[in-house]
There are 2 protein chains.
Amino acid sequence: MSQVNVEFQPVGRRGEFQGGKSLLDYARKLGVGLSSVCGGKGTFGKCRVQIVSGSSSEPTSREKSAFSPKQLKSGWRLACQTIPSGDCIVHVPVESMTAPQRTQLEGLDIPVRLKAPVKTHDIELALPSLSDTVGDADRLLRAVKAQRRASANSVDISVMSSLSPNLRAWSWKCQAMVRDREVISVSPQHGRCLGLAVDFGTTKLAGYLVDLTNGKTLASKGLMNPQISYGEDIISRCNIAASSAEGAVQMQKLAADAISELGAILSKEVGAVSSDIVEAVVVGNTAMHHLYLGLPVAQLARAPFVPAVNSELSVRARDLGIRIAPGAYLYTMPNIAGFVGADHVSMLLASEVRQAKGVIVALDIGTNTEISLIDHGRISSISCASGPAFEGGHIKDGMRAGTGAIERVHVTQDGLQYETIDDAPPVGICGSGIIDAVAQLYLAGIADAGGRMKTGHPTVREHEGQYELVLAGDRERTGSAAIVFTQHDVRELQLGKAAIRGGIQTLLDLADLNDEDITQVIIAGAFGSYLDVSSAVDIGMLPALPLECFKQVGNAAGMGAKRALISTEQRAEARTIAAEARYIELAGTASFNENFVQALQLGRYRLIHGKREEIL
Amino acid sequence: MSQVNVEFQPVGRRGEFQGGKSLLDYARKLGVGLSSVCGGKGTFGKCRVQIVSGSSSEPTSREKSAFSPKQLKSGWRLACQTIPSGDCIVHVPVESMTAPQRTQLEGLDIPVRLKAPVKTHDIELALPSLSDTVGDADRLLRAVKAQRRASANSVDISVMSSLSPNLRAWSWKCQAMVRDREVISVSPQHGRCLGLAVDFGTTKLAGYLVDLTNGKTLASKGLMNPQISYGEDIISRCNIAASSAEGAVQMQKLAADAISELGAILSKEVGAVSSDIVEAVVVGNTAMHHLYLGLPVAQLARAPFVPAVNSELSVRARDLGIRIAPGAYLYTMPNIAGFVGADHVSMLLASEVRQAKGVIVALDIGTNTEISLIDHGRISSISCASGPAFEGGHIKDGMRAGTGAIERVHVTQDGLQYETIDDAPPVGICGSGIIDAVAQLYLAGIADAGGRMKTGHPTVREHEGQYELVLAGDRERTGSAAIVFTQHDVRELQLGKAAIRGGIQTLLDLADLNDEDITQVIIAGAFGSYLDVSSAVDIGMLPALPLECFKQVGNAAGMGAKRALISTEQRAEARTIAAEARYIELAGTASFNENFVQALQLGRYRLIHGKREEIL
């Protein structure tokens, strides 16, 4: 057997192998997290890949049933069935990855032109003398002004408070960090100039450390949101903040400390210190945004759900108790509305939706799902109450996506197979597994279109008068109770998915568009990355479009924060997005209720003049 | 005897009296602090006043010897000798007041056009609704922009942190305080909008509370500088701040607390609260300026004596720990140099020196005396080490100007008379008394021009081989030691006054001018107000010009701070003064040493081509 070179994209892993093995085998060797629920038997079709160039074995019968002849011609294959016969380049779509989010967290370059809000200037100052007794800060400004393309007319008080001894210790040489004509930090020459981008999620924070002089991501890190100890959901945290001044201070302090900690950990990782961070960009949903800025939230929770502020803000980090460079600012993107926050703007920014042609639907799926419809650049946004099911909430054995969570389910004729996160023994089922489970129940005929389960399949049992799917049985669990998916769980998911699909449909209605007009569906967020799009389409949660129309973009909010961190042009674009986006209150629309009801049923469908038409 | 109406200006006191008494009697009844060291005998000529309109008794022989015929014709009289024969208006020059500083502290209107840096706008906001969910801060900005002559594009985070509940509690009506396009404070409608001006002296702070909507001074208050417990002189406080980070923090905190306290006391006095203060202006000498801003001072004390910053600054008050409105700024005027600070700029501003015609000498007398020569608008400034004698330092029985301090001395043929502050029993001698004492010793022939004392006068005794003037004898002091003024004290004062006169002379030399070219001598500061100008001229401390040339302006630095508080035009003028003032290092001049030596001798004199010529 001759050697073959195999390259997997967009993850960018490649290797040289002894031939004769499948693409799945090579992917495993390279650590590419390809979905493999079938164990290499080609039974589930989860390991779909596209061979961009190169030759391989002929399609097997399983592949012929998984793909149309047109798809096969375009190079679509099942990785477990395909044996390369020469060098090849393989495209792995996000939906075939088990852990696409992790890949995105590791961070690629930021595809925008560097135009950082903070610029560094290496400066050499004239020595003071009896004939030149200009003050130290004025001397610094004079030297900055003498630089090419530099301009500054003030020095932050925190810089001045140590500038005089520093300049003398550094022999009148320094690096000045200038933001909006203000010197916000000074360091010895050739020092670091770092930026911190944070996606401040309700559950997790994702932090990215970026070199502001070249726009490169140096390190990234996830951290639990410490506010979670005060309540998993946003509402309970807002209640704490709204009920007392101490509560508000506590929520803000937890947030500030978490951001500071992220900065400290990331700095340390690259041999720097927190005070090398001279700019931070933080994005979150409107409630999180208010909590980390210490803004009041009581009015957010009551109609008409008004934010304390919509506009973008630059707040001195020290005013928020965030421990980075003392003169640094924290920038937050604008909010669109009380339930469509800066993180959604950030996601739209990273997805470059205003520049895209056609009709785009962009979703952030969570307890509240924010959806924007972008019709040739015109943005309309809604928020719908999709409930906690996608995060494992209100589901009998539900859990958040973590080690041991069942994230893939496949019901076979005589049984059931699943995958867990980190291949650990199962402890519960997370959002992507829940959607798989419902889809599989429906496709296997165990649940009807209305979601009602019936018996007759070996994995279904009756318990207290209700049917339930046994994911991991008593025997397998040795001592622990079985992990099940109940009739009630199906109902819970139906409500959530109907809210999302109803929301999409309402946006289409208002724009006088149909499913077929949609060019692309962008699904952001951690859950959105793990989600099996086919399953979501099968249960009617997402429109029945060709899979190529869906783009799972991972932590796009974090990517948007990185863009804003290194580019004032991107900040201007974020302003434009928020200013142009038209927020629509679903309660005020004519069609949402009808659309919601239509979306409750399982199965692929579309609406024709308001009438549901199943797609087989 | 018919009734007479007598009005004293510029203090603005008037009353109707039974005729037949002297102007001094009426002044006393009205509480006008006219100097009266002679006890009404007309012997000292300290109670000089000018009758601006009205008729009075013919000049007495004492008055004829005190004034020239021309002066008498202009209405100059001794208040103790003059009996009004009808209604009259009397001008009381500062040098005839015992407590001019107190008068100035009580504060008159500020003679500049109101152009406050903080403007208030009464706003009524549109109520939010489901069809208008604009954020609260954005809603506020929208309403401000809709006002005439109003503009704002940001809201301080401290305002936003309570804006949402406030607007709802105030039924969407409020007063917005806008500074430089930023909303820095919000209050219920028709709330206060106050400013705090502080002259931050080495010994005392003088605070003024001003209504920023009309420019009126509402209250004023003096406070000891609490840093004094760490050393009376600037150097020891700078040493503390320079020797450790804790020391620097402590010095800054003491300053911030004192400013906060002044604000709190003054607010309370007018029924307001500290948070009604939305702007503060603080001026001080360069060292004080650095200490209250928390700037490093080590480099200030070493050649080439470079300030941490010269430029004017607007620093958020909260960044300095100053407790006024959370969004308020503290503005400080620019420094000219390490030893010519913002307080001198403020004094020059209040004296309107750039607008004045002719040649002006402006002095702030203290341990360091700052002197500016303004030659038809062109400003040159120096600082000379005049020593602590003017504040009672290094003088055997010296003390600061306080209750019981001897502030006036008159040596008669057979004895001595004095006045004390508050007419209290004597406890020591303060700066103005010291200058009087030396002048009287010289005029009475007890000390020669070289300052050497001799015996032969009943008030002079010998003690440990040195002559000394007994101000309050053992008998009078009943138990306490006598209060004396020694030969050493005369020497100490000679050094101090020679530095000042030498400095003035050097400025004149550099501008190629003589004493006779001087149009006006402006003497600022508390000590400068109490100083007897004749005595200062008699000892050769000040040029021998007609008394009309001297203007004792009291706390001009405080007045300048008030101007800057209510007028951005005055801030621009302060910038211009600091930018145009040429600082001259005396050590670098050719003539200072020679001028200093010439100025050591007592007696009125002028220099003709560098040669001392006595004036009799």
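**Figure 1. Salt bridges across the contact of chain A and chain B.** Two salt bridges are counted between chain A and chain B. In this predicted model, Arg318(A) is paired with Asp319(B) in a salt bridge. Their closest N and O atoms are 2.7 Å apart. Twelve residue pairs are in polar contact between the two chains, with both residues at pLDDT 80 or more. On chain A, α5 (136-145), α6 (157-169) and β14 (313-316) each give at least two residues to the side that touches chain B. The largest share comes from α6(A), with six residues. Sorted by class, this side of chain A has 20 nonpolar, nine polar and seven charged residues.

**Figure 2. Extent of the contact between chain A and chain B.** Chain A contributes 36 residues to the contact, and chain B contributes 36 residues. Together the chains bury about 2800 Å². Carbon and sulfur atoms carry 64% of that area.

**Figure 3. The axis that relates chain A and chain B.** A turn of 180 degrees, with a shift of 0.0 Å along the axis, lays chain A on chain B. The RMSD of the fit is 0.2 Å. This is therefore the relation of a two-fold axis. Within chain A, Asp319(A) has the C-alpha nearest the axis, at 4.2 Å. Both copies use the same surface: 100% of the contact residues of chain A recur in chain B.

**Figure 4. A four-stranded open sheet in chain A.** The strands of this open sheet follow the order β6-β8-β9-β7, and their pairing is mixed. At the edges are β6 (118-124) and β7 (154-155) of chain A, each paired on one side only. Strands β8 (residues 173-179) and β9 (residues 182-187) of chain A run antiparallel and are joined by five bridges. Met177(A) has Ser185(A), in β9(A), as its bridge partner.

**Figure 5. A salt bridge between distant parts of chain A.** Over all chains, the structure holds 50 salt bridges. One of them joins the side chains of Arg571(A) and Glu279(A), at 2.9 Å from N to O. The two residues are 292 residues apart, and the pair links distant parts of the chain. Arg571(A) belongs to helix α17 (residues 568-580) of chain A, whereas Glu279(A) belongs to strand β13 (residues 277-283) of chain A.

**Figure 6. The hairpin of β22(B) and β23(B).** Strand β22 (residues 460-463) and strand β23 (residues 466-472) of chain B are antiparallel and pair over four bridges. Glu462(B) has its bridge partner, Tyr467(B), in β23(B). Two residues lie between the strands of the hairpin. Here Glu464(B) has a positive phi near 50 degrees.

**Figure 7. Cis peptide bonds before Pro304(A) and Pro304(B).** Most peptide bonds are trans. In chain A, the bond from Ala303(A) to Pro304(A) is cis, and its omega is near 5 degrees. Pro304(A) sits in the loop between α9 (286-293) and β14 of chain A. In chain B, Ala303(B) and Pro304(B) are joined by a cis peptide bond, with omega about 0 degrees. The loop that holds Pro304(B) runs between α9 (286-293) and β14 (313-316) of chain B.

**Figure 8. Backbone of His609(A).** Most residues other than glycine have a negative phi. His609(A), a residue other than glycine, has a positive phi, near 50 degrees. His609(A) is found in the loop between β28 (605-608) and β29 (611-614) of chain A.

Definitions and conventions:
Residues are numbered from 1 along each chain as its sequence is written. Chains are lettered from A and ligands numbered from 1 in the order in which they are written. This is a predicted model: local features need pLDDT of at least 70, side-chain atom pairs count only at pLDDT 80 or more; totals for chains, interfaces and linings use all residues. Side-chain values use heavy atoms; hydrogens and water are left out. Contact means heavy atoms within 4.5 Å. Buried area is the accessible area (1.4 Å probe) that two parts lose on being put together, summed over both. A salt bridge is a side-chain nitrogen of Lys or Arg within 4 Å of a carboxyl oxygen of Asp or Glu. A polar contact is a pair of N or O atoms within 3.5 Å; within protein, one must be able to donate a hydrogen and the other to accept it, and residues adjacent in sequence count only if both atoms are side-chain atoms. Ala, Val, Leu, Ile, Met, Phe, Trp, Tyr, Cys and Pro count as nonpolar, Asp, Glu, Lys and Arg as charged, and the others, Gly among them, as polar. Copies are superposed by least squares on the C-alpha atoms of residues with pLDDT of at least 70 in both. Two strands pair if DSSP finds at least two bridges between them.
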